[in-house]
Amino acid sequence: MSKKKSKAKNEDFKKQKLKPGKVLTKTNVTDTRMSVKKVVLIEQLKDKASPVTTVRGLTLEDLCKQLGHYSQNVRRDAIAGIYQLISSHYELLNKYLRFIVPSVARLIGEETNDNTTRNHLKNLLEVICKVDEIIMESHFPILLVHILRALTHMQMAVRVFALKILILVMKNYGQLCLKNVDLFDVFLQLMSGQRRPRDKTLVLEAWKYFLAAYSKNGMSKNHQCATDVISFSERTSQVDLSIHFSTMDFSILGPSAQVQESPLDSEARLVNCCNVMCPLLARLISEEENPDLILPDCILLIQQLIDAIQRFCELNALDSFKSQILKAFEPLTGLSKLPTNKKLLKCLKHLDF
(Lines give C-alpha, C1' and ligand atoms only; values in the text may rest on other atoms or scores of the structure.)
Protein backbone atom coordinates (compact mmCIF):
# COMPACT_ATOMS: atom_id res chain seq x y z
CA MET A 1 0.00 0.00 0.00
CA SER A 2 2.81 2.39 0.79
CA LYS A 3 4.33 1.85 -2.66
CA LYS A 4 1.03 2.67 -4.41
CA LYS A 5 0.57 5.83 -2.37
CA SER A 6 4.06 7.04 -3.02
CA LYS A 7 3.67 6.28 -6.75
CA ALA A 8 0.41 8.23 -6.98
CA LYS A 9 1.97 11.08 -5.07
CA ASN A 10 4.92 11.23 -7.40
CA GLU A 11 2.65 11.28 -10.49
CA ASP A 12 1.27 14.67 -9.45
CA PHE A 13 4.73 16.18 -9.52
CA LYS A 14 6.08 14.15 -12.40
CA LYS A 15 7.99 16.17 -14.98
CA GLN A 16 6.71 15.74 -18.50
CA LYS A 17 9.16 14.86 -21.19
CA LEU A 18 8.96 17.12 -24.26
CA LYS A 19 10.04 16.33 -27.75
CA PRO A 20 12.07 18.86 -29.70
CA GLY A 21 9.83 21.63 -31.12
CA LYS A 22 6.93 21.01 -28.73
CA VAL A 23 5.58 23.62 -26.30
CA LEU A 24 4.35 22.71 -22.86
CA THR A 25 0.69 23.62 -22.35
CA LYS A 26 -0.09 25.48 -19.18
CA THR A 27 -2.51 23.74 -16.85
CA ASN A 28 -4.04 26.96 -15.44
CA VAL A 29 -5.13 28.52 -18.84
CA THR A 30 -8.62 28.02 -20.30
CA ASP A 31 -8.83 27.33 -24.04
CA THR A 32 -11.22 29.91 -25.53
CA ARG A 33 -11.10 28.64 -29.08
CA MET A 34 -14.50 27.79 -30.57
CA SER A 35 -15.36 25.79 -33.66
CA VAL A 36 -18.46 27.03 -35.52
CA LYS A 37 -19.99 25.48 -38.59
CA LYS A 38 -21.44 27.79 -41.28
CA VAL A 39 -25.11 27.32 -42.14
CA VAL A 40 -25.93 28.19 -45.77
CA LEU A 41 -29.58 28.61 -46.76
CA ILE A 42 -29.58 28.39 -50.54
CA GLU A 43 -33.24 29.27 -50.98
CA GLN A 44 -32.89 32.56 -49.11
CA LEU A 45 -29.88 33.51 -51.16
CA LYS A 46 -31.87 32.93 -54.34
CA ASP A 47 -34.78 35.12 -53.26
CA LYS A 48 -32.68 38.06 -52.08
CA ALA A 49 -30.78 39.44 -55.07
CA SER A 50 -27.95 41.87 -54.54
CA PRO A 51 -28.65 45.45 -55.76
CA VAL A 52 -27.13 46.68 -58.99
CA THR A 53 -24.08 48.84 -58.33
CA THR A 54 -21.57 50.84 -60.31
CA VAL A 55 -17.87 50.11 -60.65
CA ARG A 56 -17.33 51.97 -57.38
CA GLY A 57 -19.96 49.85 -55.61
CA LEU A 58 -22.64 52.58 -55.38
CA THR A 59 -26.33 51.88 -55.81
CA LEU A 60 -28.80 54.13 -57.60
CA GLU A 61 -30.12 55.52 -54.32
CA ASP A 62 -26.59 56.36 -53.18
CA LEU A 63 -25.93 58.22 -56.43
CA CYS A 64 -29.17 60.21 -56.11
CA LYS A 65 -28.04 61.36 -52.66
CA GLN A 66 -24.69 62.44 -54.06
CA LEU A 67 -26.43 64.71 -56.58
CA GLY A 68 -27.05 67.11 -53.70
CA HIS A 69 -23.38 67.23 -52.68
CA TYR A 70 -21.68 70.63 -52.47
CA SER A 71 -18.71 69.47 -54.55
CA GLN A 72 -19.12 69.78 -58.31
CA ASN A 73 -16.83 66.82 -58.94
CA VAL A 74 -18.95 64.55 -56.76
CA ARG A 75 -22.13 65.67 -58.55
CA ARG A 76 -20.55 65.10 -61.95
CA ASP A 77 -19.41 61.59 -60.98
CA ALA A 78 -22.90 60.85 -59.63
CA ILE A 79 -24.50 61.95 -62.93
CA ALA A 80 -22.11 59.71 -64.85
CA GLY A 81 -22.84 56.81 -62.48
CA ILE A 82 -26.62 57.14 -62.88
CA TYR A 83 -26.22 57.29 -66.66
CA GLN A 84 -24.10 54.15 -66.53
CA LEU A 85 -26.63 52.20 -64.44
CA ILE A 86 -29.66 53.30 -66.47
CA SER A 87 -27.97 52.58 -69.78
CA SER A 88 -27.00 49.05 -68.76
CA HIS A 89 -30.13 48.32 -66.67
CA TYR A 90 -32.99 50.30 -68.21
CA GLU A 91 -35.57 48.56 -66.02
CA LEU A 92 -34.24 50.53 -63.03
CA LEU A 93 -35.49 53.80 -64.52
CA ASN A 94 -39.20 53.15 -64.02
CA LYS A 95 -38.59 51.63 -60.59
CA TYR A 96 -36.56 54.55 -59.19
CA LEU A 97 -38.12 57.36 -61.22
CA ARG A 98 -39.53 58.99 -58.08
CA PHE A 99 -35.97 59.40 -56.76
CA ILE A 100 -34.26 60.26 -60.05
CA VAL A 101 -36.54 63.03 -61.35
CA PRO A 102 -36.41 65.35 -58.29
CA SER A 103 -32.68 64.78 -57.76
CA VAL A 104 -31.72 65.38 -61.38
CA ALA A 105 -34.20 68.20 -62.10
CA ARG A 106 -32.84 70.43 -59.34
CA LEU A 107 -29.46 70.50 -61.11
CA ILE A 108 -30.92 72.18 -64.21
CA GLY A 109 -30.79 75.59 -62.55
CA GLU A 110 -27.49 75.01 -60.70
CA GLU A 111 -25.27 77.98 -61.54
CA THR A 112 -22.03 76.33 -60.39
CA ASN A 113 -22.20 73.63 -63.08
CA ASP A 114 -19.55 73.81 -65.79
CA ASN A 115 -19.99 72.84 -69.45
CA THR A 116 -18.85 69.25 -68.84
CA THR A 117 -21.37 68.75 -66.05
CA ARG A 118 -24.16 70.24 -68.17
CA ASN A 119 -23.31 67.95 -71.07
CA HIS A 120 -23.44 64.90 -68.78
CA LEU A 121 -26.71 66.16 -67.32
CA LYS A 122 -28.26 66.66 -70.76
CA ASN A 123 -27.28 63.12 -71.81
CA LEU A 124 -28.89 61.76 -68.67
CA LEU A 125 -32.09 63.76 -69.23
CA GLU A 126 -32.28 62.46 -72.80
CA VAL A 127 -32.41 58.93 -71.41
CA ILE A 128 -34.96 59.91 -68.74
CA CYS A 129 -37.23 61.56 -71.32
CA LYS A 130 -37.57 58.25 -73.13
CA VAL A 131 -39.96 57.12 -70.40
CA ASP A 132 -43.52 56.65 -71.55
CA GLU A 133 -45.74 59.72 -71.27
CA ILE A 134 -48.26 57.98 -69.02
CA ILE A 135 -45.56 57.01 -66.52
CA MET A 136 -43.95 60.46 -66.59
CA GLU A 137 -47.25 62.28 -66.06
CA SER A 138 -47.13 62.13 -62.25
CA HIS A 139 -43.49 63.29 -62.18
CA PHE A 140 -43.80 65.93 -64.90
CA PRO A 141 -44.84 68.88 -62.64
CA ILE A 142 -41.64 68.55 -60.57
CA LEU A 143 -39.48 68.46 -63.68
CA LEU A 144 -41.26 71.43 -65.22
CA VAL A 145 -41.03 73.57 -62.09
CA HIS A 146 -37.23 73.33 -62.08
CA ILE A 147 -37.09 74.11 -65.82
CA LEU A 148 -39.23 77.22 -65.39
CA ARG A 149 -37.13 78.33 -62.44
CA ALA A 150 -33.97 77.98 -64.53
CA LEU A 151 -35.53 79.94 -67.43
CA THR A 152 -35.82 82.98 -65.14
CA HIS A 153 -32.25 82.71 -63.81
CA MET A 154 -29.92 85.70 -63.85
CA GLN A 155 -27.09 83.92 -65.67
CA MET A 156 -27.36 83.50 -69.43
CA ALA A 157 -25.63 80.09 -69.38
CA VAL A 158 -28.30 78.69 -67.06
CA ARG A 159 -31.13 80.06 -69.22
CA VAL A 160 -29.59 78.63 -72.39
CA PHE A 161 -29.22 75.19 -70.83
CA ALA A 162 -32.77 75.33 -69.44
CA LEU A 163 -34.10 76.20 -72.92
CA LYS A 164 -32.30 73.19 -74.39
CA ILE A 165 -33.90 70.94 -71.78
CA LEU A 166 -37.29 72.56 -72.43
CA ILE A 167 -36.96 71.75 -76.14
CA LEU A 168 -36.24 68.14 -75.19
CA VAL A 169 -39.31 68.05 -72.92
CA MET A 170 -41.66 69.68 -75.45
CA LYS A 171 -40.41 67.30 -78.13
CA ASN A 172 -41.16 64.16 -76.09
CA TYR A 173 -44.09 65.25 -73.89
CA GLY A 174 -46.16 67.60 -76.02
CA GLN A 175 -49.49 66.52 -74.52
CA LEU A 176 -48.25 67.15 -70.98
CA CYS A 177 -47.06 70.63 -71.99
CA LEU A 178 -50.45 71.35 -73.57
CA LYS A 179 -52.09 71.18 -70.13
CA ASN A 180 -49.65 73.64 -68.54
CA VAL A 181 -50.45 77.34 -68.83
CA ASP A 182 -47.49 78.49 -66.73
CA LEU A 183 -45.07 77.12 -69.31
CA PHE A 184 -46.89 79.07 -72.04
CA ASP A 185 -46.66 82.36 -70.13
CA VAL A 186 -43.05 81.93 -68.98
CA PHE A 187 -41.88 81.03 -72.49
CA LEU A 188 -43.46 84.15 -74.01
CA GLN A 189 -42.03 86.27 -71.22
CA LEU A 190 -38.56 84.92 -71.95
CA MET A 191 -38.85 85.51 -75.70
CA SER A 192 -40.28 89.00 -75.35
CA GLY A 193 -37.46 90.43 -73.25
CA GLN A 194 -33.76 91.02 -73.63
CA ARG A 195 -32.90 87.95 -71.57
CA ARG A 196 -33.60 85.44 -74.32
CA PRO A 197 -30.64 83.48 -75.76
CA ARG A 198 -28.70 85.02 -78.63
CA ASP A 199 -28.44 81.77 -80.57
CA LYS A 200 -30.91 82.15 -83.47
CA THR A 201 -30.95 78.45 -84.26
CA LEU A 202 -31.82 77.59 -80.65
CA VAL A 203 -34.56 80.21 -80.54
CA LEU A 204 -36.18 79.02 -83.77
CA GLU A 205 -36.04 75.40 -82.61
CA ALA A 206 -37.69 76.36 -79.32
CA TRP A 207 -40.51 78.15 -81.15
CA LYS A 208 -40.97 75.15 -83.43
CA TYR A 209 -41.62 72.68 -80.61
CA PHE A 210 -43.52 75.29 -78.59
CA LEU A 211 -46.13 75.79 -81.33
CA ALA A 212 -46.23 72.06 -82.02
CA ALA A 213 -46.90 71.30 -78.35
CA TYR A 214 -49.72 73.85 -77.98
CA SER A 215 -51.39 73.08 -81.30
CA LYS A 216 -54.28 70.64 -81.18
CA ASN A 217 -53.12 68.94 -84.35
CA GLY A 218 -49.65 68.37 -82.91
CA MET A 219 -50.27 65.04 -81.18
CA SER A 220 -47.54 63.14 -79.39
CA LYS A 221 -46.39 59.69 -80.36
CA ASN A 222 -48.22 58.13 -77.41
CA HIS A 223 -51.58 59.76 -78.20
CA GLN A 224 -51.90 59.22 -81.91
CA CYS A 225 -55.28 58.08 -83.12
CA ALA A 226 -55.62 54.47 -84.16
CA THR A 227 -57.83 54.49 -87.26
CA ASP A 228 -59.28 51.78 -89.43
CA VAL A 229 -61.44 51.76 -92.57
CA ILE A 230 -64.76 49.92 -92.46
CA SER A 231 -66.66 49.23 -95.68
CA PHE A 232 -70.47 49.08 -95.90
CA SER A 233 -71.80 48.63 -99.44
CA GLU A 234 -68.92 50.40 -101.14
CA ARG A 235 -68.96 53.25 -98.62
CA THR A 236 -65.98 53.86 -96.38
CA SER A 237 -65.58 55.81 -93.19
CA GLN A 238 -62.82 56.30 -90.66
CA VAL A 239 -63.51 55.33 -87.09
CA ASP A 240 -61.45 56.70 -84.22
CA LEU A 241 -60.47 53.77 -82.01
CA SER A 242 -58.27 55.69 -79.60
CA ILE A 243 -59.13 55.97 -75.92
CA HIS A 244 -58.20 59.31 -74.39
CA PHE A 245 -57.68 59.08 -70.68
CA SER A 246 -55.35 60.39 -68.04
CA THR A 247 -53.91 58.47 -65.12
CA MET A 248 -54.37 61.56 -62.93
CA ASP A 249 -58.12 62.00 -63.61
CA PHE A 250 -60.48 60.82 -60.87
CA SER A 251 -64.24 60.76 -61.17
CA ILE A 252 -64.55 62.15 -57.63
CA LEU A 253 -62.61 65.30 -58.45
CA GLY A 254 -64.11 65.84 -61.91
CA PRO A 255 -65.25 64.15 -65.11
CA SER A 256 -62.59 61.93 -66.61
CA ALA A 257 -63.68 62.86 -70.15
CA GLN A 258 -62.90 66.56 -69.64
CA VAL A 259 -60.94 67.96 -72.58
CA GLN A 260 -57.94 70.16 -71.86
CA GLU A 261 -57.98 73.30 -74.03
CA SER A 262 -54.84 74.79 -75.44
CA PRO A 263 -53.81 78.31 -74.36
CA LEU A 264 -53.91 79.15 -78.07
CA ASP A 265 -57.71 78.80 -77.84
CA SER A 266 -57.73 81.86 -75.60
CA GLU A 267 -57.99 85.20 -77.38
CA ALA A 268 -55.69 87.05 -75.00
CA ARG A 269 -52.94 84.42 -75.07
CA LEU A 270 -53.12 83.96 -78.83
CA VAL A 271 -52.78 87.72 -79.38
CA ASN A 272 -49.91 87.82 -76.90
CA CYS A 273 -48.18 84.99 -78.77
CA CYS A 274 -48.49 86.91 -82.04
CA ASN A 275 -47.23 90.13 -80.43
CA VAL A 276 -44.11 88.32 -79.21
CA MET A 277 -43.36 86.04 -82.14
CA CYS A 278 -43.94 88.29 -85.16
CA PRO A 279 -41.59 91.16 -84.18
CA LEU A 280 -38.98 88.63 -83.08
CA LEU A 281 -39.03 86.79 -86.41
CA ALA A 282 -38.88 90.08 -88.31
CA ARG A 283 -35.85 91.12 -86.30
CA LEU A 284 -34.08 87.79 -86.83
CA ILE A 285 -34.66 87.94 -90.58
CA SER A 286 -33.54 91.56 -90.93
CA GLU A 287 -30.41 91.06 -88.82
CA GLU A 288 -29.29 87.95 -90.71
CA GLU A 289 -26.67 88.62 -93.39
CA ASN A 290 -27.98 85.73 -95.46
CA PRO A 291 -31.75 85.55 -94.76
CA ASP A 292 -32.13 82.43 -96.88
CA LEU A 293 -30.47 80.44 -94.08
CA ILE A 294 -33.26 81.01 -91.56
CA LEU A 295 -36.15 82.03 -93.83
CA PRO A 296 -37.48 78.45 -94.34
CA ASP A 297 -37.67 77.89 -90.58
CA CYS A 298 -39.33 81.26 -90.04
CA ILE A 299 -41.92 80.58 -92.75
CA LEU A 300 -42.72 77.23 -91.14
CA LEU A 301 -43.31 78.95 -87.79
CA ILE A 302 -45.48 81.62 -89.38
CA GLN A 303 -47.57 78.96 -91.07
CA GLN A 304 -48.08 77.15 -87.74
CA LEU A 305 -49.20 80.40 -86.13
CA ILE A 306 -51.58 81.20 -89.01
CA ASP A 307 -53.12 77.73 -88.67
CA ALA A 308 -53.79 78.40 -84.99
CA ILE A 309 -55.37 81.76 -85.87
CA GLN A 310 -57.61 80.17 -88.49
CA ARG A 311 -58.78 77.50 -86.05
CA PHE A 312 -59.65 80.20 -83.55
CA CYS A 313 -61.54 82.22 -86.17
CA GLU A 314 -63.64 79.21 -87.11
CA LEU A 315 -65.15 79.24 -83.63
CA ASN A 316 -65.05 82.97 -82.94
CA ALA A 317 -65.81 85.94 -85.18
CA LEU A 318 -64.45 88.98 -83.35
CA ASP A 319 -63.54 92.12 -85.26
CA SER A 320 -61.37 93.38 -82.45
CA PHE A 321 -59.36 90.16 -82.51
CA LYS A 322 -58.75 90.43 -86.24
CA SER A 323 -57.50 94.00 -85.94
CA GLN A 324 -55.11 93.00 -83.13
CA ILE A 325 -53.73 90.13 -85.23
CA LEU A 326 -53.18 92.35 -88.26
CA LYS A 327 -51.37 94.87 -86.06
CA ALA A 328 -49.15 92.12 -84.63
CA PHE A 329 -48.20 90.96 -88.15
CA GLU A 330 -47.24 94.46 -89.32
CA PRO A 331 -43.45 93.91 -88.82
CA LEU A 332 -43.57 90.80 -91.02
CA THR A 333 -45.90 92.43 -93.54
CA GLY A 334 -43.55 95.35 -93.97
CA LEU A 335 -40.58 93.03 -94.31
CA SER A 336 -42.34 90.93 -96.95
CA LYS A 337 -42.55 93.91 -99.32
CA LEU A 338 -38.82 93.68 -99.96
CA PRO A 339 -37.92 92.04 -103.29
CA THR A 340 -35.80 89.40 -101.58
CA ASN A 341 -38.64 88.14 -99.39
CA LYS A 342 -41.10 86.80 -101.97
CA LYS A 343 -41.50 83.54 -100.09
CA LEU A 344 -42.48 85.43 -96.97
CA LEU A 345 -45.06 87.44 -98.90
CA LYS A 346 -46.54 84.25 -100.31
CA CYS A 347 -46.82 82.78 -96.81
CA LEU A 348 -48.55 85.86 -95.40
CA LYS A 349 -51.24 85.69 -98.09
CA HIS A 350 -52.74 82.80 -96.10
CA LEU A 351 -53.56 85.32 -93.38
CA ASP A 352 -56.92 86.12 -94.96
CA PHE A 353 -59.85 86.96 -92.72
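Reader: Which residue does R76 meet in a salt bridge?
Author: This is a predicted model, and in it R76 sits in helix α4, residues 72-88. The partner is found 38 residues apart from R76, in the loop between α6 and α7. The two side chains come to 3.5 Å, N to O, which is within the 4 Å cut-off for a salt bridge. The residue you're after is D114.

Reader: Is R76 buried or partly exposed?
Author: The cut-off for buried is under 20% relative accessible area. R76 comes in at 19%, so R76 counts as buried. Its partner D114 has a relative accessible area of 29%, so D114 is partly exposed. For R76, then, the word is buried.

Reader: How many salt bridges does the structure hold?
Author: R76 and D114 make one of them. Others include the pair E137 and K179, as well as E288 with K200. As background, side chains of opposite charge can pair when their charged atoms come close. For the whole structure the count is four.

Reader: How many residues apart in sequence are the parts that E137 and K179 tie together?
Author: Their side chains meet in a salt bridge at 3.4 Å, N to O. E137 lies in the loop between α8 (133-136) and α9 (140-151), while K179 lies in the loop between α11 (174-178) and α12 (181-192). E137 is buried at 13% relative accessible area, whereas K179 is partly exposed at 37%. The parts this pair ties together are 42 residues apart.

Reader: Where does K200 lie, given that E288 is in the loop between α14 and α15?
Author: E288 and K200 form a salt bridge, with their closest N and O atoms 3.2 Å apart. E288 itself is buried, with a relative accessible area of 19%. The pair ties together parts that are 88 residues apart in sequence, so we look well away from the loop between α14 (267-287) and α15 (295-315). K200 lies in helix α13, residues 200-213.

Reader: Which element gives the most to the lining of the largest cavity?
Author: A search of the whole structure finds one cavity of 30 Å³ or more. The lining of the largest cavity is I100, V101, V104, A105, L125, I128 and L143. Two helices, spanning 97-105 and 115-128, each supply at least two of those residues. With four residues, the one that gives the most is α6.

Reader: What is the volume of the largest cavity?
Author: Rolling a probe the size of a water molecule over the atoms shows where empty space is left. Around this cavity, the lining divides into seven nonpolar residues, no polar and no charged. The volume is about 40 Å³.

Reader: Which helix brings the largest share of the largest nonpolar core?
Author: In soluble globular proteins, nonpolar side chains tend to be buried together. Here the largest nonpolar core has 100 residues, and W207, F210 and F329 have the most contacts inside it. Leaving out residues up to four places away in sequence, F329 touches C274, C278, I302, L305, I306, I309, L348 and L351. The largest share of the core is 12 residues, and it comes from α14.

Reader: What is the relative accessible area of C273?
Author: C273 lies in helix α14. Beyond its neighbours within four places in sequence, C273 is in contact with F184, L188, W207, F210, L211, L264 and L305. S192 is 81 residues apart from C273 in sequence, with the C-alpha atoms 9.5 Å apart in space. C273 is buried, with a relative accessible area of 0%.

Reader: Which residues is Q324 in contact with, leaving aside neighbours within four places in sequence?
Author: Q324 lies in helix α16, residues 319-328, and is partly exposed at 35% relative accessible area. The C-alpha atoms of Q324 and V271 are separated by 6.9 Å, although the two are 53 residues apart along the chain. The contacts of Q324 are E267 and V271.

Reader: Among contacts between residues at least 6 apart in sequence, what percentage joins residues at least 24 apart?
Author: The chain has 18 helices and two strands. Buried residues make up 37% of its 353 residues. For the contacts you ask about, the value is 72%.

Definitions and conventions
Residues are numbered from 1 along each chain as its sequence is written. This is a predicted model: local features need pLDDT of at least 70, side-chain atom pairs count only at pLDDT 80 or more; totals for chains, interfaces and linings use all residues. Side-chain values use heavy atoms; hydrogens and water are left out. On a 1 Å grid over the protein atoms alone, a cavity is a set of points where a 1.4 Å probe fits but cannot get out, and a pocket is an open set with protein on both sides within 12 Å along at least five of seven lines; lining residues have an atom within 4 Å of a point. Grid points are joined across faces, edges and corners, and a volume is the space filled by probe spheres set on the points. Ala, Val, Leu, Ile, Met, Phe, Trp, Tyr, Cys and Pro count as nonpolar, Asp, Glu, Lys and Arg as charged, and the others, Gly among them, as polar. Buried means under 20% relative accessible area, exposed over 50%, partly exposed in between (1.4 Å probe, protein chains only). A nonpolar core is a set of buried Ala, Val, Leu, Ile, Met, Phe, Trp, Tyr and Cys residues joined through side-chain atoms within 4.5 Å. Contact means heavy atoms within 4.5 Å.
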